[in-house]
Amino acid sequence: MSTLDKSASLNEEDFSQEERLEGMRLAGRLTAEALDMLVEHVKPGVRTKDLDRLALEFALDHGAIPAPLNYRGFKGSICTSLNHVVCHGIPGSRVLKEGDTINLDVTLIKDGWHGDSSRMYPVGEISRKAERLIDITWECLMRGIAVVRDGATTGDIGHAIQSYAESQNCSIVREFCGHGLGRRFHTQPNILHYGDPGTGTPLTTGMCFTIEPMVNLGRADVKVLGDGWTAVTRDKSLSAQFEHSIMVTDSGCEIFTKSPKNLDKPPYVTL
Ligand code: MF3
Ligand code: CO
Ligand code: CO
């Protein structure tokens, strides 16, 4: 197969392990850089569609394509999920105001490889309980990542996340999960953010997937609004999410979407 055929191919098998690793590292790094770029733009007065535009321009400037754009009819380059929105918020004319919390979820396709990551951003000063939820959600992601290694299972990840969230009197959203990714956006295995140790799919070295827990201050129940996308907590309680794209290794994992500027979680101290 020619290089041209290859760049259009969705089949992972058409690529060597080195090519695949290089592709996933590049896509992950660019995705993290887009999230870094957005930090200084999240402030009162900015519309969610302004953030969407900035992310689109960043992608195109770097030879990448935002995967959400026209994905199953999604109208946006990123997801912008505010306050009690759990995920899949559609960018629009909503203006950010002091005290809001927003999740920005960026998925970039670079040379056919996907990087998928999201972070929470505070708008100005936020409440102590919002700060606490964000800290707990970050800790959930990190505890999920910490148990990943060749020989562990998806249930080990889910259990690590669920048990911590519930120990903090928070709840885990059940309707959405992490996913395999690579040449495609969403593939097997499903990474549930709840479960029992030793159950589910065994993890093997080289597997690439996301972990992306959604954690609510109140009850776990969600509903999807009439736009067909926006998922919100039924009790209108605050929700938070962080997401990384990773690859399983013999002794742990490699995180593809780590911030090069150490802006993985708030407070975002930029010098
Ligand atoms: N980035 C989301 C995820 O983590 C998916 C967004 S799909 C979209 O899987 F269409 F809503 F953008
Ligand atoms: Co994802
Ligand atoms: Co995502």
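What spacing do the donors of the cobalt ion (ligand 3) follow along the chain? They follow D-x10-D-x126-E. The model is predicted, so local features need pLDDT of at least 70 and side-chain atom pairs pLDDT 80 or more, while totals for chains, interfaces and linings use all residues. Residues are numbered from 1 along each chain as its sequence is written, chains are lettered from A and ligands numbered from 1 in the order in which they are written, and side-chain values use heavy atoms, without hydrogens and water.

The protein donors of the cobalt ion (ligand 3) come from Asp-105 (OD, listed twice), Asp-116 (OD) and Glu-243 (OE), at 2.1 to 2.4 Å. Donors are N, O and S atoms within 2.8 Å of the metal (3.2 Å for Na, K and Ca); water is not among the atoms, so sites may look incomplete. Asp-116 also coordinates the cobalt ion (ligand 2), which is 3.3 Å from the cobalt ion (ligand 3). Asp-105 lies in strand β4 (residues 101-110) and Asp-116 in strand β5 (residues 113-122), so the pair ties together parts 11 residues apart in sequence; strands are DSSP runs (E) of at least two residues, numbered from the N terminus.

Both aspartates are buried (under 20% relative accessible area, 1.4 Å probe, protein chains only): the value is 10% for Asp-105 and 2% for Asp-116.

The metal-binding residues also approach ligand 1. A polar side-chain atom of Asp-105 is 3.1 Å from a nitrogen atom of ligand 1. Oxygen atoms of ligand 1 lie 3.1 Å from a side-chain N or O atom of Asp-116 and 3.0 Å from one of Glu-243.

Note on methods
Helix = DSSP H or I, 4+ residues; strand = E, 2+ residues; numbered from the N terminus. Buried < 20%, exposed > 50% of the residue type's maximum accessible area, 1.4 Å probe, protein only. Polar contact = N/O pair within 3.5 Å; in protein donor to acceptor, adjacent residues only side chain to side chain.
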